[in-house]
Amino acid sequence: MLRIAIQAKGRLNEKTMALLADAGISASVGSRSLIAHAKGFPVDLLLLRDDDIPQAVAMGTADIGIVGLNEVEEKNVNVEQVMNLGFGGCRLSLAVPREANYKDLKWFEGKRIATSYPGILSRFLSQNSINAEIHTITGSVEIAPAIGMADSIFDIVSSGGTLVQNGLIEVLSVLESQAVLIATPNISPEKREELDKLCFRFRSIIESRGMKYVLMNLPKTSLEEALNILPGMKSPTVLHLADPNWLSLHAVIPESQLWEKIEELKGIGAEDILVLMLENIVK
Ligand code: ATP
Ligand code: MG
């Protein structure tokens with residue numbers, strides 16, 4: 001049975017549980033329990049602080065884990081990065097006070113940089129031959145320059161709002177992060193088989209996110225134009241209707257292009273357009 005380490009509470013917990021639920025894995029997790037048995041797939045959930053997940057997986061305490069790439073890179077332990085999970089997006093960036101006269105990385109020479117990610121930062125600085133003082137602090141890194149603890153920061157940014165509030169500007173993104181699935185090195189062949197099954201489920205869920213299933217009635221004479229408008233996975237499905245002048249057309253459209261495509265299709269005579277949610281794309 002696979003043991004999977006996930007964040008007990010915090011920003012990744014909810015989306016991790018949602019991904020597992022979509023993959024048919026449900027678990028009732030008590031607020032104080034460390035291990036939960038799941039239904040629907042042979043896995044146990046190990047509920048940890050995200051900082052501890054890379055090491056738990058590297059040591060084999062858990063076979064696999066779901067955690068931010070930022071934590072994996074910071075802990076720099078030996079794990080297999082199995083797949084990106086498409087949520088928990090953020091970046092680790094260097095930021096300086098707005099009034100700093102920043103031109104390039106040389107600005108950081110001899111400066112104090114506050115961060116909760118000393119491992120990633122020190123590797124980055126040495127790759128770029130910059131000597132700076134790293135001040136490791138946990139929590140509220142962004143206030144360090146204002147209170148005189150540091151000249152700049154290296155921290156997680158998502159919208160950038162926190163930086164603006166603290167009079168800082170982002171000058172360089174060092175790592176693009178998202179939640180990733182990691183596995184212990186040398187996982188046994190039996191567990192690898194279970195992991196492959198789990199990945200297959202995750203992949204079909206992730207691929208279907210952001211996609212819509214659209215069906216419509218279309219005058220037969222507009223088919224050629226409709227095929228040019230619709231991207232389709234291979235090509236849209238065309239079904240005959242009782243009325244020989246009309247067709248039923250089915251297609252999968254990325255949500256980002258949905259309204260634009262619908263307008264174009266209406267423009268060539270499409271009617272009765274239905275937009276449905278897609279749960280899975282199984283390939
Ligand atoms: P824990 O108690 O498990 O140690 P934490 O406080 O260290 O939790 P969270 O704030 O819950 O961590 O964030 C977990 C992960 O969510 C981060 O490591 C990062 O990968 C991701 N993340 C996405 N957006 C953000 C953001 N705006 N701020 C912080 N983390 C983010
Ligand atoms: Mg943490």
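1. Metal site. In this predicted model, the magnesium ion (ligand 2) is coordinated by the OD atoms of Asp50 and Asp51, at 2.0 to 2.1 Å. The two ligating residues fall on either side of the burial cut-off, because buried means under 20% relative accessible area. Asp50, at 19%, counts as buried. Asp51, at 27%, is partly exposed. Water is not among the atoms, so the site may look incomplete.

2. Salt bridge Asp63–Lys191. The count of salt bridges comes to nine. One of them joins Asp63 and Lys191, with the closest N and O atoms 3.0 Å apart. This pair links distant parts of the chain, 128 residues apart. Asp63 sits in the loop between helix H2 (53–59) and strand E4 (64–68), while Lys191 belongs to helix H6 (residues 189–208). The acidic partner, Asp63, is buried at 7% relative accessible area, and Lys191 is partly exposed at 24%.

3. Salt bridge Lys75–Glu71. Here the closest N and O atoms are 2.9 Å apart. Both residues lie in helix H3 (residues 69–75), with a spacing of four residues, about one turn of the helix. Glu71 is buried, with a relative accessibility of 6%. Lys75 is partly exposed, with a value of 33%.

4. Salt bridge Arg112–Asp151. The side chains of Arg112 and Asp151 meet at 3.2 Å, N to O. The pair again concerns distant parts of the chain, 39 residues apart: Arg112 is in strand E7 (residues 112–115), and Asp151 is in the loop between strand E8 (133–136) and strand E9 (152–157). Arg112 has a relative accessibility of 26% and counts as partly exposed. Asp151, at 23%, is also partly exposed.

5. Aromatic pairs. The structure holds three aromatic pairs. One of these is Tyr102 with Phe108: the ring centres are 5.8 Å apart and the planes meet at 65°, so the pair is edge-to-face. Tyr102 is partly exposed at 21% relative accessibility, whereas Phe108 is buried at 0%. Phe108 also pairs with Trp107, with ring centres 5.1 Å apart and planes at 85°, so this pair is edge-to-face as well. Trp107 and Phe108 are both buried. Through ring pairs, Tyr102, Trp107 and Phe108 are linked into a cluster.

6. Charge over a ring. Trp107, a member of that cluster, also has a charged neighbour. The charged end of Lys111 sits over the Trp107 ring, 4.3 Å from the ring centre.

7. Nonpolar surface patch. Ile143, Ile147 and Met149 make a nonpolar patch of about 250 Å² on the surface. Ile143 is placed in the loop between E8 and E9, the loop that also holds Asp151 of point 4. The relative accessible area of Ile143 is 36%, so Ile143 is partly exposed. That value passes the cut-off for patch membership, because patches are made of residues with over 30% relative accessible area and no salt bridge.

8. Contact of Asn280. Asn280 is in the segment after strand E15 (271–277). Its C-alpha atom is 7.4 Å from that of Glu207, although the two residues are 73 residues apart along the chain. Glu207 falls within the range given for helix H6, residues 189–208. Asn280 is partly exposed, with a relative accessibility of 34%.

9. Positive phi angles. Which residues other than glycine deserve a look at their backbone? Ser129 has a positive phi of about 50°. Ser129 lies in the loop between helix H4 (118–127) and E8 and is exposed, with a relative accessible area of 61%. Asn186 is a further case, with phi near 55°, a positive value in a residue that is not glycine. Asn186 is in the loop between strand E11 (179–183) and H6 and counts as exposed at 80% relative accessibility.

Terms used: Residues numbered from 1 in each chain as written. Chains lettered and ligands numbered in written order. Predicted model: local features only at pLDDT ≥ 70, side-chain atom pairs only at ≥ 80, totals over all residues. Heavy atoms only, no water. Donors = N, O, S within 2.8 Å, 3.2 Å for Na, K, Ca; no water. Buried < 20%, exposed > 50% of the residue type's maximum accessible area, 1.4 Å probe, protein only. Salt bridge = Lys/Arg side-chain N within 4 Å of Asp/Glu carboxyl O. Helix = DSSP H or I, 4+ residues; strand = E, 2+ residues; numbered from the N terminus. Phe/Tyr/Trp six-rings, centres within 6.5 Å; stacked < 30°, edge-to-face > 60°. Lys NZ or Arg CZ within 6 Å of the ring centre and 35° of its normal. Patch = residues over 30% accessible without salt bridge, like charges linked within 9 Å, V, L, I, M, F, W, Y side chains within 5 Å. Areas by Shrake-Rupley, 256 points an atom, 1.4 Å probe, with all protein chains shown as cover.
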